[in-house]
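Biologist: Please take one part of this model and look at it closely. I would like to start with the empty space inside, and then move outward from there.

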Amino acid sequence: MASAAIFSSLRRRRSPSLEAFLAPVDLTEVALVQALATISSELIACFASKVSFFQRRNYRSLIRKMEVFLVMLECLRDSGSGSMSILPATAILCFKELYLLIYRSKILLEYCAQSSKLWLLLQNHSISGHFHDLNQEISTLLDVFPINDVGLSDDVREQVELLHKHVGKAKLYVDKSDDNLRLRFFSFINEFENGRVPNLVDLRLFFVERLGIRDAKSCRFEIEFLEEQIVAHEGDIEPTACVLNGFVAVTRYCRFLLFGFEEDEVKLPFGNQTKPRKGLITREIADTFITIPKDFCCPISLDLMTDPVIISTGQTYDRRSIVRWMEEGHCTCPKTGQMLIHTRLVTNRALKNLIMQWCTAHNVPCDPVETADGSAESFAEALPIKAAIEANRATTMLLVQHLASGSQGAQAIAAREIRLLAKTGKKNRAYIAEAGAIPHLRKLLSSSNPVAQENSVTAMLNLSIFDKNKSRIMDEDGCLGSIVEVLRLGLTTEARENAAATLFSLSAVHDYKKRIAYQGGAIEALAALLRVGTPRGKKDAVTALFNLSTHLENCARMIEAGAVTALVGALGNEGAAEEAAGALALIVRQQIGAEAVGKEEMAVTGLTMMMRCGTSKGKENAVAALLELCRSGGAAATKRVLKAPALAGLLQTLLFTGTKRARRKAASLARVFQRCENASLHLGGLGDGYAFAGNSTTPNRDSRFADDVSMPMSISVQVL
């Protein structure tokens, strides 16, 4: 009768404890009837006084059934007929089944009591079905229960018989008024789908009068709950995730249309800080000085992967990041630049198991995502429907109005909501910029309110991911300078880090690299963040410096601003070393760059250490940097590189085990040493023993193409 897998849609929201599914290991040694009476009494006491906004009839009916069971159990307990030695074997089996049934009832009642109103409304048919399933289980239990053999009093037996008769005839009950409200909610989606904004009076009647959502706080709870369901169910949900996104968008629009901007919301922390947030695992770990293995981090988001998947090029990414990448219209691999043959995603189960083992060993919170087969394997996140797009467009207009003319508190809230809207979807980013948000966000960058400043710079970062918005931001008078000021003097750590990430995003356009580099204080601030920032801050800073170093005319400016010293220091930082070596490899291609790097005492040591312990790409960049240092730095630099301890062995190792590019650079570096009078002394004839088939002529020195440096073909920025 009982099934261990109960209420699949409920189970995904919050996994119940084991006791919810299994009876005690050995019920023969406990007072079974007493235990059942106690948990029944607790259930009734907990839920009888609560009123579910929806499912009222089913909710109360189930509690009344539990009350009948409690009367029966108390009768057996008080009469002494509940002893295990007296009860028939059939009765004992039925009571064990009742134990499970009571706990399943508790889960369902808790679910109804704790869920949001809109979610209960959307799940009206499904939850009604769960109540009906419990009715059928009660009916089945009473069919076999030996009511005449357990010593019940006449009045109690009569109540149990009436219950048996009632549940035997019970049919699925769906409240018509609740269902009409559900259909009304869908009608708002249809209106937005058809390009019409629903009437204000109708929205107020539905949300305020019918649902009792009377303030922004209640509306915010509804939005957050729906968003949690989209994340928790991962494609196994009805309505589908894309339709739910539409409901979230409509509810968010109503929140600001009906309730405006409440000042006390400014004090709220961004998001729910009491729960581990996906996408922020790396930051949480960094705060405790735990270094995540690089192979466990997504190349796009730079976060610890919770659901690693393999794409057609063989590269691995976190599912959410690569789905968002594809959703934005990209058809290439972010890491290699190769065209994607197909968009199917295959779970990297081996890596996923390794990540889970590592998280367990280091007490790191890891919430692996459950995925279904079929279409859900290809896309874990739903594409937005037209209704969501139109509702978000309407919300954007409201937000920009308050951003332009609202109070300081309203502006801070509007910036936070624009930040959220700009997290996903290029259309949202386009609408926000087209509505004129960027000039108003620029003004908030100078705000004395830390929350407003942080949200405005993060919104700017998210908007900059859309290519057309890059030009809007750069063309906005004073905007670049304001972003740099946040990088230098931002009121929060996250604001400074996100300002660095914004510069990285903007520098994806080659024409902007020189403007950013020569913006007063920009490179100095990036170098400072690289030296003393958090692990995430260092990553943001070094990627921005790497991008800027690809412009030939930025070399002198980077040397003047102290970026070379910071990059050399970053060679010892696992999270930043790869990009630091790449930037140095570009800088030393010019004579002044080679001279500046040559003056750094730890430069050669740091690069050789990367050749020994770095990642594959890190080794490529390190040997490329040493090669360019010899080519551009003259005899003195070559001699210094030549004296590096164990360099011969490292080159030999790269010639055998390195990537194709690393082997080519190692061979070229060995050939440089062959020209030196004491090369045989230091390299032990390394150059004579190998046929350098991979050797090529001196590479193109145009740093925009950076053939000697391992770098991604496409720019990827994490939205926050």
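Modeller: What follows is a walk that starts at one cavity and then visits other residues.

This model is predicted. Start with the method in plain words. Rolling a probe the size of a water molecule over the atoms shows where empty space is left. In this structure the count comes to 4 cavities of 30 Å³ or more. We will look at the second largest cavity, which has a volume of about 40 Å³.

Which residues line the second largest cavity? They are Asn58, Ser61, Leu62, Lys65, Phe131 and Asn135. Two elements give two or more residues each to this lining: helix 3, residues 56–79, and helix 6, residues 124–144. Helix 3 has the largest share, with 4 residues. What is the chemical character of the lining? It divides into 2 nonpolar, 3 polar and 1 charged.

Now follow one lining residue outward. Asn135 is part of the lining. The C-alpha atoms of Asn135 and His164 are separated by 9.9 Å. Along the chain these two residues are 29 residues apart. His164 sits in helix 7, which covers residues 154–169. Is His164 buried, exposed or partly exposed? His164 counts as partly exposed, because its relative accessibility is 27%, and that class lies between 20% and 50%.

Next, go to the loop before helix 3. Gln55 lies in the loop between helix 2, residues 32–47, and helix 3. Its phi is near 60 degrees. That is a positive value in a residue other than glycine. Gln55 is buried, because its relative accessible area is 4%, and buried means under 20%.

Two charged side chains come next, each over a ring. Arg57 lies over the face of Tyr173, at 3.9 Å from the ring centre. Lys117 lies over the face of Phe53, at 4.3 Å from the ring centre.

Rings can also meet other rings. A pair of aromatic rings is described by the distance of the centres and the angle of the planes. The whole structure holds 11 aromatic pairs. One of them joins Tyr99 and Tyr103. Their centres are 5.2 Å apart, and the planes make an angle of 40 degrees. Why is this pair called tilted? The angle of 40 degrees is neither under 30 nor over 60, so the pair counts as tilted. Both residues lie in helix 4, residues 89–114. They are 4 residues apart, about one turn of the helix. Tyr99 is buried, with a relative accessible area of 9%.

There is a group of rings as well. Phe185, Phe186, Phe188, Phe206, Phe207 and Phe247 form one aromatic cluster.

Now move further along the chain. Leu421 belongs to helix 17, residues 408–421. Leu421 is buried, at a relative accessible area of 3%. Which residue is paired with Leu421 in a distance across the sequence? That residue is Thr395. The two are 26 residues apart in sequence, and 9.2 Å apart in space from C-alpha to C-alpha.

Gly478 gives another such distance. Gly478 and Lys443 are 35 residues apart in sequence. In space, their C-alpha atoms are 9.4 Å apart. Gly478 is in the loop between helix 21, residues 467–475, and helix 22, residues 479–489. At 38% relative accessibility, Gly478 counts as partly exposed.

The last stop is Asn621. Asn621 lies in helix 32, residues 616–642. Is Asn621 buried or exposed? Asn621 is buried, because its relative accessible area is 1%. What does its side chain meet? A polar atom of that side chain lies 3.1 Å from the backbone oxygen of Glu578.

Terms used:
Residues numbered from 1 in each chain as written. Predicted model: local features only at pLDDT ≥ 70, side-chain atom pairs only at ≥ 80, totals over all residues. Heavy atoms only, no water. 1 Å grid on protein atoms, 1.4 Å probe; cavity = no way out; pocket = protein on both sides within 12 Å on 5 of 7 lines; lining within 4 Å. Points joined across faces, edges and corners; volume = space filled by probe spheres on them. Nonpolar A, V, L, I, M, F, W, Y, C, P; charged D, E, K, R; others polar. Phe/Tyr/Trp six-rings, centres within 6.5 Å; stacked < 30°, edge-to-face > 60°. Buried < 20%, exposed > 50% of the residue type's maximum accessible area, 1.4 Å probe, protein only. Lys NZ or Arg CZ within 6 Å of the ring centre and 35° of its normal. Polar contact = N/O pair within 3.5 Å; in protein donor to acceptor, adjacent residues only side chain to side chain.
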